[in-house]
Amino acid sequence: MTKTAETTSSDTQSRNSQLLAEFKETTGNVRVTEPKMRMDNVNVHYGDNQAIFDVNLDLGKNEVLAMIGPSGCGKSTFLRCMNRMNDTVDSCRVTGSLTLDGEDIYAPEQDVVLLRARVGMVFQKPNPFPKSIYDNVAYGPRIHGLASSKDELDQIVETSLKRASIWNEVKDRLDAPGTGLSGGQQQRLCIARTIAVSPEIILMDEPCSALDPIATASIEELIDELRQNYAIAIVTHSMQQAARVSQRTAYFHLGRLIELGETKKIFTNPSHELTENYITGRFG
Amino acid sequence: MPLSNSLLIILAIALIGFFITRQRAYSIALKNGGVAKLHSLPLYYGYLAGIWALVPALILLACWSAFENTLINSSVLGLAPADLVAQGEDQMALLLNQVQNIAAGSIEASPDDALQARMVARMQSLQGTSLLIKSALAIILAVVGVLWAFKSVNPNYRARIKVEGFVRIAMLLCASVAVLTTVGIVFSVLFESVRFFGKVPISEFMLGTHWSPQTSIREDQVASEGSFGAIPLFLGTLLISAIALIVAVPIGLMSAIYLTEYAKPQVRAFAKPAMEILAGIPTVVYGFFAALTVAPALRGWGESIGLSVSSESALAAGLVMGVMIIPFVSSLSDDVLNAVPQTMRDGSLGLGATKSETIRQVVIPAALPGIVGGVLLAASRAIGETMIVVMAAGLAANMTVNPLEAVTTVTVQIVTLLTGDQEFDSAKTLAAFALGLMLFITTLVLNVIALHVVRKYREQYE
Ligand SMILES: Nc1ncnc2c1ncn2[C@@H]1O[C@H](COP(=O)(O)OP(=O)(O)OP(=O)(O)O)[C@@H](O)[C@H]1O
Ligand SMILES: [Mg+2]
């Protein structure tokens with residue numbers, strides 16, 4: 001590494017920490033007129049460690065919201081608050097208000113099981129069940145009683161697999177174990193599994209990180225199509241992907257929501273310097 | 001100088017060799033510009049010196065000791081006059097034994113036997129010489145080994161590869177000890193069983209329904225012929241094991257599920273070791289618990305509802321044995337349930353499954369191979385368990401599946417067949433080997449089934 005490169009990177013680093021210290025509230029409008037989900041003053045702690053600081057954010061109906069930011073900034077954590085997956089982590093504490101269609105999802109009378117059926121999730125790492133491909137997809141419809149006959153279930157499985165663009169690869173071996181698929185196929189299987197339940201919101205945590213460009217393109221197409229009926233929040237490390245699929249983009253930095261705005265604006269003309277440094281690759 | 005001293009000396013040589021060779025490797029490395037210039041780390045050159053010192057010397061000692069006795073004995077016996085030799089092998093062996101004992105100083109020599117005195121003297125002198133030569137040779141070999149390793153230190157010498165090769169061979173030898181022992185045991189049991197089947201037809205043993213192994217011990221004794229139908233024993237074993245598993249599998253599995261999925265970490269930290277203590281209770285204690293507490297209680301209950309329960313019953317033994325094997329089921333299931341990755345549970349919960357749906361449909365299927373393994377392990381424990389059955393289920397070989405009656409098991413019969421004064425090649429004692437063989441085959445089949453189940457349902461997560 002040359003002398004100049006080192007100086008620039010450490011300069012950016014100190015500049016970034018300065019900016020972070022000065023950070024007061026999110027740049028850009030965090031609200032939408034018709035929110036599907038509204039998050040107010042969300043703070044998340046893991047034990048004594050705070051992972052999310054005072055985040056306000058709306059997820060609109062029929063929109064794709066991209067969440068970007070450096071590794072460890074809390075994107076997954078925030079996403080997991082939205083369907084209470086963080087309940088499974090003992091040390092995790094969530095405060096603030098999160099509402100879905102106006103009802104508080106952390107209210108004591110809220111049934112998490114129903115909530116998670118409405119807010120589906122695709123995880124960062126593919127996690128197919130050790131069952132057949134068919135049973136993986138049929139799992140959700142079965143536990144929620146979505147199909148009244150075998151034919152109907154077959155139909156749900158087939159459409160889900162088709163929409164996740166994996167049907168052609170697996171249609172001849174629906175009885176083979178889902179764990180025997182390649183990493184990218186597993187991830188598409190997990191997407192099929194999630195949409196088989198027909199949730200109202202789909203949370204996607206880096207759904208394409210294990211996919212080749214062709215599969216990625218088809219997933220992006222799927223996201224675009226799903227937007228007609230669902231609201232989608234997607235975490236991604238690929239800025240091109242965020243630019244391609246999302247309408248709005250949120251930039252997270254060390255647990256703060258720094259900036260939120262129209263995707264085009266964020267990528268071409270960000271208002272906050274931290275966002276700009278990240279977009280232009282000057283993150284330290 | 002006894003052998004232990006020369007062993008110590010060889011060990012010391014190996015240690016010194018290790019240090020000086022490592023040191024030499026260091027200095028050569030420094031001369032050549034750093035340890036990285038050597039093929040292997042200096043440590044490996046040291047190990048190699050140690051190996052070269054120990055292994056050939058020890059092999060020499062072992063071989064020498066294996067053959068020296070035969071040579072010394074034949075030389076000593078050479079002193080015996082022809083008329084003595086003519087008295088036969090047995091007499092010679094007796095004489096030799098005496099001489100050996102006198103030479104070792106464990107018995108007194110008879111003062112007026114000149115031949116014996118000469119033989120003892122020759123034996124002692126030969127043994128002395130042999131010890132001296134073999135010690136000297138071994139020590140020389142050790143020194144040569146060290147020198148060889150020391151001399152061959154150079155940057156291109158591939159010491160690490162040599163050491164690793166040696167370690168591999170050593171491990172192979174250890175593995176073969178286990179395998180060979182098993183094979184040895186199997187064959188000895190097999191041969192004795194074949195002898196037994198020479199006396200009692202295999203069909204009678206396998207299909208007969210009457211077990212009373214009393215045979216005459218002396219020729220002149222009048223006794224019944226004894227009958228060796230093993231079915232009642234197998235039935236008893238099966239009955240008691242089944243009762244034990246019916247107790248242990250649900251309780252063990254449920255407690256494992258509770259501990260992994262529901263219990264708070266504090267509860268878990270206390271409950272898991274507490275359950276494992278169950279496995280540490282000696283079976284004798286379980287045995288008298290079964291005989292003195294459970295069996296009378298069962299009889300009392302049985303009488304109060306009008307059932308006749310014998311004071312020694314399969315039920316009492318089975319229940320207590322079930323408690324004994326709970327830890328096998330629970331501890332192993334607990335481990336495999338814990339090994340199911342959290343992401344798998346997340347995937348199910350994220351689809352809106354409840355906790356119990358997740359456990360039933362995702363976690364347990366994923367952990368099934370391990371759980372089956374645990375259950376089969378528990379089953380083989382139950383089949384092999386003896387003490388509880390002796391004390392609580394009795395010795396009567398009843399042909400019954402009624403758990404309220406006294407039954408007996410294969411292991412218990414093996415014990416009773418072999419205790420007391422027995423003639424070793426009577427059908428009665430040999431029957432123990434046949435029973436052992438059957439027991440062994442049963443566990444083997446159980447293991448094969450277990451392996452098959454595990455392979456069929458094997459599921460890699462991730
Ligand atoms: N289960 C957990 N227990 C304790 N701390 C956690 C846990 N999960 C996440 N954290 C902490 O919370 C912070 C945010 O983590 P998070 O996984 O949300 O980051 P991320 O933005 O998704 O990163 P990446 O892009 O690498 O996935 C990190 O500092 C992490 O160490
Ligand atoms: Mg993440």
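Is B:Glu68 buried or exposed? B:Glu68 counts as buried, at 16% relative accessibility; buried means under 20% relative accessible area, exposed over 50%, and partly exposed in between, with a 1.4 Å probe and protein chains only. Before the exercises, a bit of housekeeping: this is a predicted model, where local features need pLDDT of at least 70, side-chain atom pairs count only at pLDDT 80 or more, and totals for chains, interfaces and linings use all residues. Residues are numbered from 1 along each chain as its sequence is written, chains are lettered from A and ligands numbered from 1 in the order in which they are written, and side-chain values use heavy atoms, with hydrogens and water left out.

**Exercise 1. Find the salt-bridge partner of B:Glu68 and place both residues.**

Step 1: the partner is B:Lys134, with 3.1 Å from N to O. A salt bridge here is a side-chain nitrogen of Lys or Arg within 4 Å of a carboxyl oxygen of Asp or Glu.

Step 2: B:Lys134 sits in helix α5 (residues 114–151) of chain B and B:Glu68 in helix α2 (residues 42–77) of chain B, so the pair ties together parts 66 residues apart in sequence. Helices (H or I, at least four residues) and strands (E, at least two) are DSSP runs, numbered from the N terminus.

Step 3: check the burial of the partner: B:Lys134 is buried too, with a relative accessible area of 4%.

**Exercise 2. Work through the salt bridges of chain A, starting from A:Asp58.**

Step 1: start with the total, which is 25 salt bridges over all chains.

Step 2: A:Asp58 pairs with A:Arg38, and their closest N and O atoms are 2.7 Å apart. The two link distant parts of the chain, A:Asp58 being in strand β2 (residues 49–60) and A:Arg38 in strand β1 (residues 35–46), 20 residues apart. A:Asp58 is buried at 0% relative accessible area, while A:Arg38 is partly exposed at 28%.

Step 3: now take A:Glu63 and A:Arg248, whose side chains meet at 2.8 Å, N to O. A:Glu63 is in the loop between β2 and β3 (64–68), and A:Arg248 is in strand β9 (residues 248–253), 185 residues apart. Both A:Glu63 and A:Arg248 are buried.

Step 4: finish with the network of salt bridges that links A:Lys36, A:Asp101, A:Glu103, A:Arg118 and A:Glu200.

**Exercise 3. Describe how the magnesium ion (ligand 2) is coordinated.**

Step 1: list the donors, A:Ser76 (OG) and A:Gln124 (OE1), at 1.9 to 2.5 Å. Donors are N, O and S atoms within 2.8 Å of the metal (3.2 Å for Na, K and Ca); water is not among the atoms, so sites may look incomplete.

Step 2: A:Ser76 lies in helix α2 (residues 75–81) of chain A and A:Gln124 in the loop between β6 (119–122) and α4 (133–144), so the pair ties together parts 48 residues apart in sequence.

Step 3: A:Ser76 is partly exposed at 22%, and A:Gln124 is partly exposed at 35%.

**Exercise 4. Characterise the shell around ligand 1.**

Step 1: 13 residues surround ligand 1, the closest including A:Ser71, A:Lys75 and A:His237; near means a heavy atom within 4 Å.

Step 2: α2(A) gives the most to this shell, with three residues.
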